[in-house]
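This briefing summarises a predicted model. It begins with polar contacts between two of the chains and then turns to other topics.

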Amino acid sequence: MMILGLFSVGLSLVFFVLHSLLGGTELSASEAFYEISFSLFLHLLLPLISALIGTGIIANEVEERTLIYLLTRPQPKWKIILAKTLAGYITAGLILLIALLATYSVMSALAGDQGWMTLFSDLSRICGVLLLGLLVYLPLFGVLGAFLKKPVLAGLLFTFGWENLVAYIPGKIRLFTVVHYLHDLFPHFRKVRGNSETAFFLNIFITDQDLSTPISISILVLLAALFTGLLLSVLYLREYRLEQN
Amino acid sequence: MPIYERSYLSWEGQLLDKPRTWWIIGRTGVRLAWKKSVALLLILAAVPFIFRAGQIYLSSRMGNTSFLAELAEGIQIDAGFFMSFMKDQTFLLLLILIVCGAGLIANDRKFKALPIYFSKPVGFWDYLIGKFLVIVCYGGVITVIPAILLFIGQILLTGTPGYFSRYYYVPFSILGLGAATLVTLGGIMLVLSALSRGTRSAAIIFFALVYIPEMLRRIFSGMNDWGWISIRANILQLGAILFGLRRPYPFPGCLAFLSLAVVTAACLAVLRHQIRPTEVVK
Amino acid sequence: MTVEVKQLSKWYGQVIGVNHLTFTIEPGVTGFLGPNGAGKTTLLRLLTGQLKPSQGTISLNGEEVWNNHRLFHQIGYCPEQDVFWNFHSGWNFVVSMLRMQGYSREEAEIRAEKAVEAVGMWDVRNNRIGSYSKGMRQRIKLAQIWAHDPRILFLDEPLNGLDPIGRKSAIDLIKKMGAGGKTVVVSSHILHEIEEMTDTIILINHGRMLAQGNIYEIRGLIDTHPLQVTIQCDNVNVLTTELLGYEYVQSIQFDRVQNRLTVETNRPDEFHLRLPRILSENKINLQSLWSPDENLDAIFDYLVR
């Protein structure tokens, strides 16, 4: 997982350095940071890391059959899952934040003073959006991992299939995605003005802000509560017949 | 008093000099993969095929410029049509590779099956080819085979020899692009499967390895010379050359080929190192 | 601590795990004996609250087990499967299991020390579990159950993979715990293994309880159950004629081509005593002798019939 974070940060920086050296002009450094945080972090790393950790919360213990040890401890089942979810949340959150902050620091240091400090409040907001996204995606994938045999497949189909597909469909159907509320909270998304291929896609993804910030946050918190509640009750709802050999 | 051991009887038949163990490994893998929701993905993958077949039908009946054909994207049924079909199948191909490929070696390592394989007359190449056969089988079913079928359909529907003589190279291009895609992506999937004991982490890292460079290439689209860093861009570049189309990226075609060859060679080297009958735990 | 099981059934869809079991287990060592797939592991999982009974009740000292995590302070469970978090060292595994029981770190370490030493794993305690041999893994699994001094222990095939010395010390420890007033339930498919630990057994097959009680009474049943013995010798005609005269021989199958006969006897002990005399008196050379059904499955089949 750490490799995933390092790989993306490393590659982003390599691209950025090469871009600066080769004199790419279409994209300023700050615009590049916005695009990286939006496309790479929000759209790729957040769902991938959530899927990796979330689907494993229960499924790992079931596959490795170590659930036996957990279920015979004098702890309520919900507490065991909550502890595992929290551990997963902290791990995933740290990886995402460290990777984002590393990208920000190195890019701002390399680009020199280009008004990076003004981006600082946006940076905190991006961190908040990622953590909020994690709060929803992690238990969602946890539930998928608890009930499905192929949770990763379902998760990838949901995030990269459904959520991306719906972005192109006009109307209110996009309200049935998680990423829509995260888009609403993403800071100054209109700042993405480059001529890059992603700028084209971003303009399709992001329409006018549908909902106010408090409403988006409330909906995300509600979704997080719903998925977390479902995840915590999994061991009460479902009985695992672990393989014997 | 003599006591005789009676529990073992020798088999008097003739053993094959070179048993086709790779075929047995591959066939078993294909059967096992079939049980893992592959059918659902194959059904999903059939949707674009049916759509494209509809386009071919409409264009053959109405001509490329007719209203209906325009409705069906106003598309020319040329080499680019087949290339575009294969390009569109990439997402589903990744999912198929994840479902079929993530556990191919990981499960053998997890359940300590490698010593059993290698205690039989199975060599590294038998094992690898057997596993790769699974990837080729399901990957081919959603890329190469439907593309060839579409080409045959187009020839049968147009019924003119001119089309075939103009695009005779397309089946070879389909095969070439299919081979390049499956060898590279399949190789990466097998490597991740060999490096990891969990199928989920192999699946997600595979997805990340393919998409992160591609996403960064898109972000920094002003520096497309460096697009060869993305596997997907390399495959598309190579595909454009094979199909005789305009290259989508400014970097040289040989660089795309070289890049894919290096990835494949690196995969082979890692697989050679990882696929061993015994494993030392420190 | 008393275990009371009443009308217990567990089924998975159409498959029956255990069927209509009623028994009581008192302090001391009790053995669950049955062939592979008999339902022993399912029963132990039900008794340890991992599975919910489809029907019936299980209580430990009058308290229901299912969804009663407080009761788990008093339970120690050693699973049959060779499963671990392989990234842990043996030491960390035992300590974290104790921490999950609710002990402070200091107390957990003190208890872990005793338990790890008791199973002879002290020298390798800091190695990764992934590097342990099967016997070592089994021993560390045993350490985690007695480390928190439970009042009732459920051990699923606890001697699996242990070497003779390990087996002896595990058996001694189990017997000591039973003698010390703990309730110890041990499952196994090997009769003599159970015999070494206890006289009290519960026989299980196909999810049903076949017998409960003293092992010697059940032995008695085994000794009188019909047994097939296949004999290969140089003169099957004479041997067959001789054996036909004995009342404890129930039937004989005769194969002249292979010089072989299969005898079914309802008194195997008597038969085995007499056979050498018959052979020597008639100067018959015995080439081989074996019993196709001298195993637990055959005994269970007999008891089921």
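Across the interface of chain B and chain A there are 3 residue pairs in polar contact, with both partners at pLDDT 80 or more. Three helices of chain B, namely α1 (21-62), α4 (90-110) and α10 (199-219), each supply at least two residues of the side that touches chain A. The largest share of that side, 16 residues, comes from α10(B). By residue type, the side of chain B that touches chain A divides into 22 nonpolar, 4 polar and 5 charged residues.

**Extent of the interface of chain B and chain A**

- The contact draws 31 residues from chain B and 41 residues from chain A.
- The size of an interface is often given as the accessible area lost when the parts come together.
- Between them, chain B and chain A bury about 3400 Å², and carbon and sulfur atoms account for 82% of this area.
- R200(B), I204(B) and F220(B) supply 23% of the area that chain B buries against chain A, which is more than any other three residues supply.
- The interface of chain B and chain A also holds 2 salt bridges.
- One salt bridge joins E64(A) to K110(B), with the closest N and O atoms 3.9 Å apart.

**V152(A) and its surroundings**

- V152(A) belongs to helix α7 of chain A, which covers residues 151-167.
- The relative accessible area of V152(A) is 5%, so this residue counts as buried.
- Leaving aside neighbours within four places in sequence, V152(A) is in contact with T55(A) in its own chain and with R200(B), A203(B) and I204(B) in chain B.
- Two of these partners, R200(B) and I204(B), are also among the three residues named above for their share of the area that chain B buries against chain A.
- The C-alpha atoms of V152(A) and L52(A) are separated by 7.7 Å, although the two residues are 100 residues apart along the chain.

**T66(A) and its surroundings**

- T66(A) is located in the loop between α3 (56-63) and α4 (67-71) of chain A.
- T66(A) has a relative accessibility of 1% and therefore counts as buried.
- A polar contact of 2.5 Å links the side chain of T66(A) with the side chain of E61(A).
- Not counting residues up to four places away in sequence, T66(A) touches N60(A) and E61(A) of chain A, together with F84(C) and W85(C) of chain C.

**Chain C as a whole**

- Chain C contains 10 helices and 14 strands.
- Of the 305 residues in chain C, 51% are buried.
- Among contacts in chain C between residues at least 6 apart in sequence, 67% join residues at least 24 apart.
- The area that chain C exposes is about 13700 Å², of which carbon and sulfur atoms supply 46%.

**Salt bridges**

- Over all chains, the count comes to 17 salt bridges.
- K10(C) forms a salt bridge with E239(A), and the closest N and O atoms are 2.6 Å apart.
- This pair crosses between chains: K10(C) is in strand β1 (residues 3-12) of chain C, and E239(A) is in the segment after α11 (234-237) of chain A.
- K10(C) is buried at a relative accessible area of 4%, whereas E239(A) is partly exposed at 29%.
- Within chain C, K168(C) forms a salt bridge with D172(C), the closest N and O atoms being 2.8 Å apart.
- Both K168(C) and D172(C) lie in helix α5 (residues 164-179) of chain C, 4 residues apart, or about one turn of the helix.
- D172(C) counts as partly exposed, with 36% relative accessibility.
- A further salt bridge pairs R267(C) with E247(C), and here the closest N and O atoms are 3.9 Å apart.
- R267(C) lies in the loop between β13 (260-265) and α9 (268-281) of chain C and E247(C) in the loop between α8 (236-244) and β12 (249-255), so their salt bridge ties together parts that are 20 residues apart in sequence.
- R267(C) counts as partly exposed at 38% relative accessibility, while E247(C) is exposed at a relative accessible area of 69%.
- E247(C), R267(C), E270(C) and R274(C) are joined into one network by salt bridges that share partners.

Key:
Residues are numbered from 1 along each chain as its sequence is written. Chains are lettered from A and ligands numbered from 1 in the order in which they are written. This is a predicted model: local features need pLDDT of at least 70, side-chain atom pairs count only at pLDDT 80 or more; totals for chains, interfaces and linings use all residues. Side-chain values use heavy atoms; hydrogens and water are left out. Contact means heavy atoms within 4.5 Å. Buried area is the accessible area (1.4 Å probe) that two parts lose on being put together, summed over both. A salt bridge is a side-chain nitrogen of Lys or Arg within 4 Å of a carboxyl oxygen of Asp or Glu. A polar contact is a pair of N or O atoms within 3.5 Å; within protein, one must be able to donate a hydrogen and the other to accept it, and residues adjacent in sequence count only if both atoms are side-chain atoms. Ala, Val, Leu, Ile, Met, Phe, Trp, Tyr, Cys and Pro count as nonpolar, Asp, Glu, Lys and Arg as charged, and the others, Gly among them, as polar. Buried means under 20% relative accessible area, exposed over 50%, partly exposed in between (1.4 Å probe, protein chains only). Accessible areas come from the Shrake-Rupley method with a 1.4 Å probe; for residues, only the protein chains shown count as cover.
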